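Thanks for making the time, everyone. I would like to walk you through one model this morning, going slowly through a few places where the side chains are worth a look.

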Amino acid sequence: VVGDQPQDCRDDWFRGLSICQLYNAILFIYGAILKSSYSQLTDLLDAKRTRNGELNRLMANITVSLDHLEFSRLEFKEARAGVQADRARIVEDTCAAWQLDTLISSALERTDLIRSRIARLLEARKSRVDKTVELILAGIGGVALVELFLSLTTASRSLPRDDFPGILDVFLWLPPNGAIALSSALLVAIFIYIYLAKR
């Protein structure tokens with residue numbers, strides 16, 4: 001104001017404050033978006049029935065918001081490093097007065113919290129899918145075990161006797177219902193062992 005070139009001084013203040021004001025507005029807007037997204041994510045996770053499509057859409061929106069916030073932070077860092085002379089002092093003084101660095105770190109902590117929440121959610125969903133696949137594979141294996149026992153019982157009765165002791169001789173004395181019962185008992189024992197091992 002009292003300098004030799006008030007127009008240049010006014011221009012420096014205007015441009016310096018504009019840089020800070022723009023990023024401050026971005027931080028404010030994204031802070032509100034992230035709070036709302038976190039609240040929606042919590043509501044969806046607490047709900048008894050959550051549709052995967054709705055959850056996937058929300059997670060995609062949150063991820064885009066987090067990426068854009070990170071991009072804006074890098075742009076502000078670059079703009080801050082690019083100012084020179086009096087404008088640099090104005091920008092740094094404004095950042096210190098508005099505590100923009102504290103606001104930035106707070107926004108980054110919020111993004112880390114949301115990212116960790118999404119990571120935990122994806123891990124839980126992956127675990128549920130893995131358990132479902134394990135159950136399906138165990139069911140297929142159980143059917144194959146019962147079929148094996150029945151095949152051995154049938155083969156032991158259809159093949160001629162060779163007077164050589166072996167596995168088929170064991171199944172020769174086992175009726176088909178006994179083979180099914182034995183294979184089912186073995187299958188239950190395997191399931192119990194897997195259940196106890198995973199506890």
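Let me begin with helix H3, where Ile 90, Val 91, Thr 94 and Cys 95 are buried. These four residues cover an arc of only 130 degrees around the axis, and that puts them on the same side of H3. The face turned away from that buried side carries the exposed residues Ala 85, Ala 96 and Ala 97. I should say at once that this is a predicted model, so please take each value I quote as computed from it.

Staying with H3, which runs over residues 85-98, we can ask how its length compares with expectation: at 1.5 Å a residue its 14 residues should span 20 Å, and the end C-alpha atoms are indeed 20 Å apart, which agrees. Just after the helix, Gln 99 takes a positive phi of about 55 degrees.

H3 also holds a charged pair, for the side chains of Asp 93 and Arg 89 meet in a salt bridge, at 3.9 Å from N to O. Since a salt bridge is counted within 4 Å, that value of 3.9 Å falls inside the cut-off. The two residues are four apart in the helix, about one turn, and in general residues three or four places apart in an α-helix point the same way, because there are 3.6 residues a turn. Asp 93 is partly exposed, with a relative accessible area of 44%, and Arg 89 is likewise partly exposed, at 46%.

How many salt bridges does the structure hold? There are three, and the other two can be taken in turn. In helix H2, which covers residues 52-82, Glu 70 and Arg 73 are three residues apart and so separated by about one helical turn; they form a salt bridge in which the closest N and O atoms are 2.7 Å apart. Glu 70 counts as partly exposed, at 28% relative accessibility. In helix H4, the side chains of Asp 130 and Lys 126 meet at 3.3 Å, N to O, and here again the partners lie four residues apart, about one turn of the helix. Asp 130 is partly exposed with a relative accessible area of 35%, and Lys 126 is partly exposed with 47%.

Let me stay on H4, which spans residues 100-158. Is Arg 117, which is found in this helix, buried or exposed? At 15% relative accessibility Arg 117 counts as buried, because the cut-off for buried is under 20%. The side chain of Arg 117 makes a polar contact with the side chain of Tyr 38, at 3.1 Å.

Further along, there is a nonpolar patch on the surface, formed by Val 129, Val 133, Ile 136, Leu 137 and Ile 140, with about 470 Å² of accessible area together. One of these residues, Val 133, lies in H4 and is partly exposed, with a relative accessible area of 41%.

Finally, to place these details in the whole chain, the protein has six helices and zero strands, and from the N terminus on its elements run α-α-α-α-α-α. Of the 199 residues in the chain, buried residues make up 24%.

Key: Residues are numbered from 1 along each chain as its sequence is written. This is a predicted model: local features need pLDDT of at least 70, side-chain atom pairs count only at pLDDT 80 or more; totals for chains, interfaces and linings use all residues. Side-chain values use heavy atoms; hydrogens and water are left out. Patches are made of residues with over 30% relative accessible area and no salt bridge: like charges are joined within 9 Å, nonpolar side chains (Val, Leu, Ile, Met, Phe, Trp, Tyr) within 5 Å. Accessible areas come from the Shrake-Rupley method with a 1.4 Å probe; for residues, only the protein chains shown count as cover. Buried means under 20% relative accessible area, exposed over 50%, partly exposed in between (1.4 Å probe, protein chains only). The expected span of a helix is 1.5 Å times one less than its number of residues. The arc is that of the directions from the helix axis to the C-beta atoms. A polar contact is a pair of N or O atoms within 3.5 Å; within protein, one must be able to donate a hydrogen and the other to accept it, and residues adjacent in sequence count only if both atoms are side-chain atoms.
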